Amino acid sequence: MEIYVVRQNDTVDAIAREHGADVNSIIEINQLAPPYRLALGQALLFPGNGSGQTETVCPSYPGSVFRSGYAYPFISPPVLNESLGYLSELAVFSYGFTASGDLIPPTLDDTWMVQEALHMGLMPTLTLTPLGADGRFNNNLVSLLVNRQSIQRRLVNSLAAVMLEKGYQAVNIDFEYVLGEDRDAFTTFVAYAANVLNTLGYQVSVALAPKHSDDQKGLLYEGMDYGGLGAAANWVILMTYEWGYTYGPPMAVAPVNQVRRVLEYALTKIPAAKICLGVPNYGYDWPLPYVRGTTAARTIGNVEAVETAVFYGVPIRFDQAAQSPCYRYWQYGVEHEVWFEDVRSWRAKFRLVEQYRLKGIAVWQLMKLFRAGLVLMETMLSSSPTESGPA
């Protein structure tokens, strides 16, 4: 596979001829829509002939990397089915729990997702979150759970029963905004859950907010003991995204310089073989000027971001420090700034997986298909076909 960055006056047909590529492959892999217009600076992935004007992407990891992806039960079945062909694990988002330790299933039925994952030879994983009725993470609910053994026993027993009933093979514990005073109790809960569920044949992973030091302040970080949680769980997922977020200033969602900083700290606490690197599958569109507390960005899919740049005829810039694409455009007298992911930004993150020999990656989330990214993932992180990836 090769990555080509669109230049002035390029067309899909001309690129295909110049690089010995099949035009239909370029269109399909990159999800180009008729009439197949391109944006200056757009990155395309396709099988080519190594003409010298592209960057060749080759398998460079010794063996297959663990590849996880999160999805809600309302995902489009065709999108899920195509995505599953590139994964090792499907994490269904999410189950909650009550103050007494009873599980709360997703609003929509998740059984079909578990069955599809099992059919494809993947590990279906139940994602456990302390989401309240308002859809926000509830740290009071976390405090109640981690400080009451009776509630923990009831919850873990409920998890085991649902997993046996539906066919789940693992649990991902995604507790965010854990209070600093609950740090050790949270670690103890994860260790307890892993001990019980491992005995029953189930795996347990835990999602970690992106810290870069032991004493980092903030509600996201103070309850996260990287060393303790890394030892307690079978593996961890670093949530290395949301630097750029809905209510924050315009910037890359996962700037690779910040991702590397978090990863290098994590590696001082957790073995590389237990770390999955979180990778975002989305971007944000901010109206300008940005006003803190007022401006709210719109979430945008990677393919949609490129289509927007094409529609408004604006070039896509690639920020070298963040290793992320971005652009600005005007709509109805309002200027917008967009940051998103493309094959170049995903490649930069996959290179970290290769460099540090991590367990794998975890994509948040699969709701909008990014076919070029999935093909790139298969190309870079699997040196040979596996039962969980296409030949």
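A cavity is a set of grid points where a 1.4 Å probe fits but cannot get out, and its lining residues have an atom within 4 Å of a point. The structure described here is a predicted model.

**The cavity**

Rolling a probe the size of a water molecule over the atoms shows where empty space is left. A search of the whole structure turns up one cavity of 30 Å³ or more. The volume of the largest cavity is about 50 Å³. Its lining consists of Ser83, Asn281, Trp346, Val363, Leu366, Lys368, Leu369, Phe370 and Leu374. Six of these lining residues are nonpolar, two are polar and one is charged.

**Aromatic rings**

A pair of aromatic rings is described by the distance of the centres and the angle of the planes. The model holds 21 aromatic pairs. Two of them are set out here.

| Pair | Centre to centre | Angle between planes | Arrangement |
|---|---|---|---|
| Tyrosine 284 and tryptophan 286 | 5.6 Å | 55 degrees | tilted |
| Tryptophan 346 and phenylalanine 370 | 5.0 Å | 80 degrees | edge-to-face |

The pair of tryptophan 346 and phenylalanine 370 links distant parts of the chain, 24 residues apart. Tryptophan 346 belongs to helix α11 (residues 343–356). Phenylalanine 370 sits in the loop between β17 (360–364) and α12 (371–381). Both tryptophan 346 and phenylalanine 370 are buried. Both also appear in the cavity lining, as Trp346 and Phe370.

Are tyrosine 284 and tryptophan 286 buried or exposed? Both are buried.

Ring pairs also build a cluster, made of Tyr70, Tyr72, Phe74, Phe93 and Trp364.

Lysine 359 has two ring contacts to look at. It lies over the face of phenylalanine 66, at 4.5 Å from the ring centre. The charged end of lysine 359 also sits over the ring of tryptophan 235, 4.9 Å from its centre.

**Strands β12, β13, β15 and β16**

Start with strand β12 (residues 283–287). Four bridges join β12 to strand β16 (residues 334–339), and the two run antiparallel. Aspartate 285 stands opposite valine 338 in β16. Proline 287 has histidine 336 as its bridge partner in β16.

β12 also pairs with strand β13 (residues 298–300). Three bridges join them, and they too run antiparallel. In β13, aspartate 285 has arginine 298 as its bridge partner. Aspartate 285 thus has a partner in β13 and one in β16.

Why is β12 described as largely enclosed by the rest of the structure? Four of its five residues are buried, so the strand is largely enclosed.

In a regular strand the side chains alternate between the two faces of the sheet.

Strand β16 has another partner. Six bridges join strand β15 (residues 324–331) to β16, again antiparallel. Glutamine 331 in β15 stands opposite valine 334 in β16. β15 and β16 form a hairpin with two residues between the strands. In this hairpin, tyrosine 332 takes a positive phi near 50 degrees.

Tyrosine 329 is placed in strand β15. Why does tyrosine 329 count as buried? Its relative accessibility is 4%, and buried means under 20%. Tyrosine 329 and glycine 313 are 16 residues apart in sequence. In space they are 8.4 Å apart, C-alpha to C-alpha.

How values were computed
Residues numbered from 1 in each chain as written. Predicted model: local features only at pLDDT ≥ 70, side-chain atom pairs only at ≥ 80, totals over all residues. Heavy atoms only, no water. 1 Å grid on protein atoms, 1.4 Å probe; cavity = no way out; pocket = protein on both sides within 12 Å on 5 of 7 lines; lining within 4 Å. Points joined across faces, edges and corners; volume = space filled by probe spheres on them. Nonpolar A, V, L, I, M, F, W, Y, C, P; charged D, E, K, R; others polar. Phe/Tyr/Trp six-rings, centres within 6.5 Å; stacked < 30°, edge-to-face > 60°. Buried < 20%, exposed > 50% of the residue type's maximum accessible area, 1.4 Å probe, protein only. Lys NZ or Arg CZ within 6 Å of the ring centre and 35° of its normal. Pairing = 2+ DSSP bridges.
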